[in-house]
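Here's a quick tour of this one for anyone about to set up a calculation. Have a look at the sequence and the model first.

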Amino acid sequence: MTADEIEGLLSSFPHVAGRLVANASMARLSWFRTGGNADILFEPADEEDLLKVLRRLPGDIPITVIGVGSNLLVRDGGIEGLVIRLGRGFSEICTRGNVVSAGAGAMDVHVAKAAADKGLAGLEFLVGVPGTIGGAVRMNAGAYGREVKDVLLHAHTVDRFGHVEELSPSDFNFSYRHAELTQDKIILKAAFSASHGNPEEIRARMKEISSARADSQPLGTRTGGSTFKNPDGTNAWKLVDEAGCRGLRIGDAQVSEKHCNFLINHGGATAAQIEELGETVRARVLEHSGVELEWEIKRVGRETKGAAS
Ligand SMILES: Cc1cc2nc3c(=O)[nH]c(=O)nc-3n(C[C@H](O)[C@H](O)[C@H](O)COP(=O)(O)OP(=O)(O)OC[C@H]3O[C@@H](n4cnc5c(N)ncnc54)[C@H](O)[C@@H]3O)c2cc1C
């Protein structure tokens, strides 16, 4: 969008209680800490705020929804149109009986802890996923033998016209790290089933998961989590390792030495360098083992000249 188009669109929106800004840095909103700007970033205060803007949004303006950007690579050319980030106003968590409900902006770890506090088992795996509930449903996030599809009861979504609907798990057609949802559908909240358990045992399981992660993953780095999906019957990291890519580096982008399905930004990597590194790994794995790795990380935004496709 041109600067005039962005200005024109901004001035056509009603007053909002949340944050609506032009040319917003996306680097600070993604774990890789790199990438270009969003034409417009909207952080609605609550559902009503979100609906107000959606109902005034022209049909040709693309929408991109993000959580906390823990599985996201924003390209250097930035993101066209409206980026929507659901935050604090969407982070309520409540439990009733054995059902745990959470807003799309709630952090998975907080949901796992809230369930444990009520002696509810089955959501411990969420402690190992550093994203939001919206991102978890969208990605069918999982860890240590469980994934969202095993526990989801239903989720509310809104489309670009402001129509809210309740979807059941079958509507998402879940598969490994994937839910079928069009790009302009926004998950608002979700409800999960849990079972009554012993709080001490639940907490012990969460502790086990957290320390297993700390032992195997490069926590505390600028990363996007698992870069590639595990192909049937094997682990992506094994194929990357066997293809000699552990530690491979392009500029400040590097394949983690600790877990070679993670790419790391040491500080100055551009999104193009990270993407090029990922594509180099894919090519080497294909050559070495004949397996075509599929990106798990969502790459969004305008490609810049010379960047990997
Ligand atoms: C160190 C590390 C470890 C990780 N470990 C795991 C793991 O064990 N298991 C696992 O599954 N993942 C893991 N991940 C990946 C990531 O945490 C998950 O995919 C997480 O669910 C992404 O949530 P997010 O809020 O960060 O979403 P984002 O990264 O912001 O977005 C991811 C996708 O979800 C979509 N999305 C986000 N919010 C919404 C919404 N409200 N409505 C519709 N779509 C939405 C975005 O459009 C995008 O397509 C890890 C990541 C890191 C950095």
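## Around the ligand

Helix 4 is the top contributor to the shell around the ligand, supplying five residues. Keep in mind that this is a predicted model. In total, 32 residues surround the ligand, and Gly67, Gly131, Gly134, Gly135 and Gly225 are the closest.

Helix 4 (133-139) isn't working alone: strand 3 (63-66), strand 9 (142-143), strand 13 (186-193) and strand 15 (222-226) also put at least two residues each into the shell. As for chemistry, the shell splits into 16 nonpolar residues, 14 polar ones and two charged ones.

## Domains

The chain breaks up into domain 1 (3-88), domain 2 (90-205) and domain 3 (219-300). Between the C-alpha centres of domain 2 and domain 3 there's a gap of 27 Å.

## A hairpin in the chain

Strand 6 (residues 93-96) runs antiparallel to strand 7 (residues 99-103), and four bridges pair them. Within this pairing, isoleucine 93 sits opposite alanine 102 of strand 7. The hairpin leaves two residues between the strands, and glycine 97 adopts a positive phi near 60° there.

## The nonpolar core

How many residues does the largest nonpolar core have? The count is 83, and Val111, Leu123, Val137 and Val240 have the most contacts inside it. Helix 9 (residues 271-289) gives the most to this core, with six residues. In soluble globular proteins, nonpolar side chains tend to be buried together.

Zooming in on valine 240, and skipping neighbours within four places in sequence, its contacts are Cys245, Arg246, Val255, Cys260, Asn261, Val281 and Val285.

Definitions and conventions
Residues are numbered from 1 along each chain as its sequence is written. This is a predicted model: local features need pLDDT of at least 70, side-chain atom pairs count only at pLDDT 80 or more; totals for chains, interfaces and linings use all residues. A residue is near a molecule or strand if its C-beta atom, placed from the backbone, lies within 6 Å of it. Ala, Val, Leu, Ile, Met, Phe, Trp, Tyr, Cys and Pro count as nonpolar, Asp, Glu, Lys and Arg as charged, and the others, Gly among them, as polar. Domain bounds come from an automatic or database domain assignment. Two strands pair if DSSP finds at least two bridges between them. A nonpolar core is a set of buried Ala, Val, Leu, Ile, Met, Phe, Trp, Tyr and Cys residues joined through C-beta atoms within 7 Å. A residue is buried if 20 or more other C-beta atoms lie within 10 Å of its own, exposed if 12 or fewer, and partly exposed in between; C-beta atoms are placed from the backbone. Two residues are in contact if their C-beta atoms, placed from the backbone, lie within 7 Å.
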